[in-house]
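This briefing is for a reader who is new to the structure shown below. Please keep the sequence and the 3D view at hand while reading.

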Amino acid sequence: MELLRSNLSRVRIPEPTNRIYKQECCISFDTPRSEGGLFVDMSSFLAFGREYVEWNYRKTGNPVYLNIKQTKKPEPEDRPLKKPTLLAIGLEGGFDYHEQDYEGTYSIVVLPDYVYLPFPSVELPEKVRLAVDAILMAEGAERKEQLASWVADKKQVSAYAKNLQQINNGVVVPPSGWKCAKCDKVDNLWLNLTDGMILCGRKNWDGTGGNNHAIEHYKETSYPLAVKLGTITADLSAADVFSYPEDESVEDPLLAEHLAFFGIDFSSLQKTELTTAERELDQNTNFDWNRIQESGQEVEPLFGPGYTGLVNLGNSCYLASTMQVIFSTHSFRSRYYENQSLKVAFETAPADPTVDLNTQLTKLGHGLLSGKYSILAKQKEECEKSTPTTSSAKQEGIPPRMFKAVIAASHPEFSTMRQQDALEFFLHLLDQVERAHTGKPEQDPTRSFKFIVEERLSCPSGKLAYNNRTDCILSLNIPLDAAINKEEVEAFNKLKAEGKEITSEEAVRPRLPLEACLACFTAPEEVQDFYSTALNSKTTATKTTGLITFPDYLVLHMRKFVMDVGWVPKKLDVYIDVPDVIDISHMRSKGIQPGEELLPEAEAGGENMVEANGPFADEEIVAQLASMGFNYLHCQKAAISTSNVGVEEAMNWLLSHMDDPDINDPISQGMHNTEPALDEGSVNMLISFGFSEDVARKALKASGGNIEKATDWIFSNPDATNAADVNASSSSNDSGAVESGLPDGGGRYKLMAIVSHIGTSTHCGHYVAHIHKDGRWVIFNDNKVGASIDPPKDMGYLYFFERLSS
């Protein structure tokens, strides 16, 4: 006890604003249920596993810790399992948090000799008792973040409900026997609350659902609210009311009156249909093997190093599938696992390692690759009955909470529990890792994905311009006219048009070879309003695209999501035949050739100088927006209007200006002139940092005049000083790789991973990864890891290829 009293100065009583970690080690995935329990530093309130707490003692000198151990309570055999009714964790009606299934024991531990003192005990100093009580009563930092982001948005009262006009046309809705007024559908029916029309709901991507008659009726009439028949009961709050103009499920406080208008006695109705929220909830709770790619297959579970699953934190499958692939690449595996120990990462981390990207990537890498956590889950059935069967055996997996919090800090959407686009997350991850390696590019693992794209523009004068940009994905259009089963698809579409009921097994989808998608990337395309310095006027140029360098890892993004009529996202339901080995050597750009003549530079001060150097759109921003299905001209305008700051800013501008009357007008010099004049003080400030005036002006222009963003832009664009104008840059095949420092090699690649998506949008549904490991394909479906029987090579959203050695 005297040892503890002598160290009281190193004990703090936590304030309400302090973040307290007590559920997971900050540098490993140890928990209070791990061997030895968890040790909470009573000064910093960071938690450490038994194997790592001494590292913290040596780094900080903090000797006093609260040791928390949890053991599982025996569960009553008749305990009912409640189905969740709310998309939330730890709240009434939400997912069961299971914390009540464990009981905790606590001790005060003094390092370095690991002197254990029991808690509670009246013999402990009052300061220690108060500190421990505050720690135990506080909501853990991990839990706070989880709850804050998991609770789904509460339905808002519709702006159209209070003054809804209802038409007295004599319609009386019967209590049952409903049918769509425009087809034979008898389920998924919606009652329009203005005119009483009963119509079917939207058609799903796979042909199931309704025939879109309810949404079409809204477009024709603008009648805003509809209620789903079959969800109306005595509890009107559970009824599914949808607002078409607000495009979401809403609350109608006057629903009883609106239903009575059509003679509906809601008190006698029984529920027969799932609400939209319940369908969403089912998607979140039914991640069964039979619902995912390898339906009905007996998948053999796998355990050991490199076969560790990731716990779904709530719609986090986009992160899980991407990170499983990332840590299957040699570049990330060597950077964060083979060549960096947890101890080194912790010793070089800031005071709070939970907010350090390097530490959390190292923690995740060791968690996935070491095999320490890839063990059979301890289940009640195992303990009380017998060894589980092959099909029931599973692992608990590791929860990537701290990594998710760090990587999402600069991207608010990723901090929510909503589903996200795996491609967008992949690009964001590479961007953050690259920024973390500013000044030390030789350690940057993202370079293995990067390559240089060359665009060759030819104008009618016969002269040429070359433009280079760096990218890390090949985003490929899907040319449906290249389908190899056109006749079968046409016959199938004819049957659908005739209204014949077709099962998913009978559906015929277009099937295309990957070569056709790659050919689209390199095919010539017209560029409107290209200013030719040879002709001194705007003209139509022809653009061809190739690669100057070939990356170590080639990522192909299939543009399955396109914008349909009315800017409605649509998923192309196609099969892509992807071979195990591809050769893209023919896509190598040859650069300027003997006898070719480049377009001349615009004369300084000449009339056309302004035209030639007019508004410039960042090609990377434009390419990413175009890959989402937006019009290329609109993407250019969005990038220019937001000063090329970033994709998110351009996207926001685009969504808010899609209905502008001049959105389809050619890009004018006036757009360029709307940029605010640069503050000379800001320019001089950047020059004082050691940057050239040219680079300083470029950075400030790209970041809207913000010095902090401009500095970040400079470090994120190390080749900024060499960037050339679109209309006059040239390059050669040999110099590109040398100047960039990017890897380069042969054009033969083998397929090493697939990220597949199920759902109507990248922001809903489910992602699964298949990775080729140890001579076989392995499926990673969140915390479930198993030997793949039939990998969906033709259904991928992202394909990862590894270069074959010559």
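The points that follow cover strands, helices and backbone features, grouped by topic.

The model is predicted. Among its strands is an open sheet of 5 strands with antiparallel pairing. Among its helices, H8 packs with H14, and H19 packs with H20. Two cis peptide bonds described below lead into Pro-112 and Pro-120.

**The open sheet of S6 to S10**

- The 5 strands of this open sheet are arranged in the order S7-S6-S8-S9-S10, and their pairing is antiparallel.
- Strand S7 (198–200) and strand S10 (248–250) are the edge strands, and each of them pairs on one side only.
- On average, and with direction ignored, neighbouring strands of this sheet are turned by 40 degrees against each other.
- Strand S9, residues 241–243, pairs with S10 over 3 bridges in the antiparallel sense.
- Phe-242 has Ser-249 in S10 as its bridge partner.
- Helix H5, which covers residues 213–221, lies across S7 and strand S6 (189–192). The angle at which H5 runs to S7 is about 120 degrees.

**Strands S3, S4 and S5**

- Strand S3 (residues 64–72) pairs with S4 over 9 bridges, and the sense is antiparallel. Tyr-65 is placed opposite Val-109 in S4.
- S4 also runs antiparallel to S5, to which 5 bridges join it. Here Ile-108 is opposite Leu-117 in S5.
- A hairpin is formed by S4 and S5, with 4 residues between them. Tyr-114, in the turn, has a positive phi of about 55 degrees.
- The loop between strand S4 (102–110) and strand S5 (115–119) holds Pro-112. The peptide bond that runs from Leu-111 to Pro-112 is cis, and its omega is near 15 degrees.
- Phe-119 and Pro-120 are joined by a cis peptide bond as well, with an omega of about 5 degrees. Pro-120 lies in the loop that runs between S5 and helix H3 (126–137).

**The hairpin of S16 and S17**

- Strand S16, residues 525–532, and strand S17, residues 537–547, run antiparallel and are joined by 6 bridges.
- Glu-526 has Thr-542 in S17 as its bridge partner.
- The hairpin of S16 and S17 has 4 residues between the strands, and Asn-536 in this hairpin takes a positive phi near 55 degrees.

**Helices H8 and H14**

- Helix H8 (residues 317–326) packs with helix H14 (residues 422–436) at an angle of about 50 degrees, and their axes are 9 Å apart.
- H8 and H14 are therefore oblique to each other, and their crossing is right-handed.
- On the H8 side, the contact is made by Tyr-318, Leu-319, Thr-322, Met-323 and Ile-326. On the H14 side, Ala-422, Phe-425, Phe-426 and Leu-429 take part.
- The contact of H8 with H14 has 8 nonpolar residues, 1 polar residue and no charged residues.

**Helices H19 and H20**

- Helix H19 (residues 632–641) and helix H20 (residues 647–657) have axes 8 Å apart and pack at an angle of about 120 degrees.
- H19 and H20 are therefore oblique to each other, and they cross in a right-handed way.
- H19 contributes His-634, Lys-637, Ala-638, Ala-639 and Ser-641 to the contact, while H20 contributes Ala-650, Trp-653 and Leu-654.
- By class, the residues in the contact of H19 with H20 are 5 nonpolar, 2 polar and 1 charged.

**Helix H15 and what comes just after**

- Helix H15 (residues 486–497) has 12 residues, which at 1.5 Å a residue should span 16 Å. The end C-alpha atoms of H15 are 16 Å apart, which agrees with that expected span.
- Gly-499, just after H15, takes a positive phi of about 85 degrees.

**The loop between S24 and S25**

- Asp-774 is in the loop between strand S24 (766–773) and strand S25 (776–781).
- Although Asp-774 is not a glycine, its phi is positive, at about 50 degrees.

Note on methods:
Residues numbered from 1 in each chain as written. Predicted model: local features only at pLDDT ≥ 70, side-chain atom pairs only at ≥ 80, totals over all residues. Heavy atoms only, no water. Pairing = 2+ DSSP bridges. Helix = DSSP H or I, 4+ residues; strand = E, 2+ residues; numbered from the N terminus. Axes fitted to C-alpha atoms, helices over the stretch in contact; angles between N-to-C directions. Contact = heavy atoms within 4.5 Å. Expected span 1.5 Å × (residues − 1). Parallel < 35°, antiparallel > 145°, perpendicular 65-115°, else oblique. Left-handed = near helix turned anticlockwise from the far one by under 90°. Nonpolar A, V, L, I, M, F, W, Y, C, P; charged D, E, K, R; others polar.
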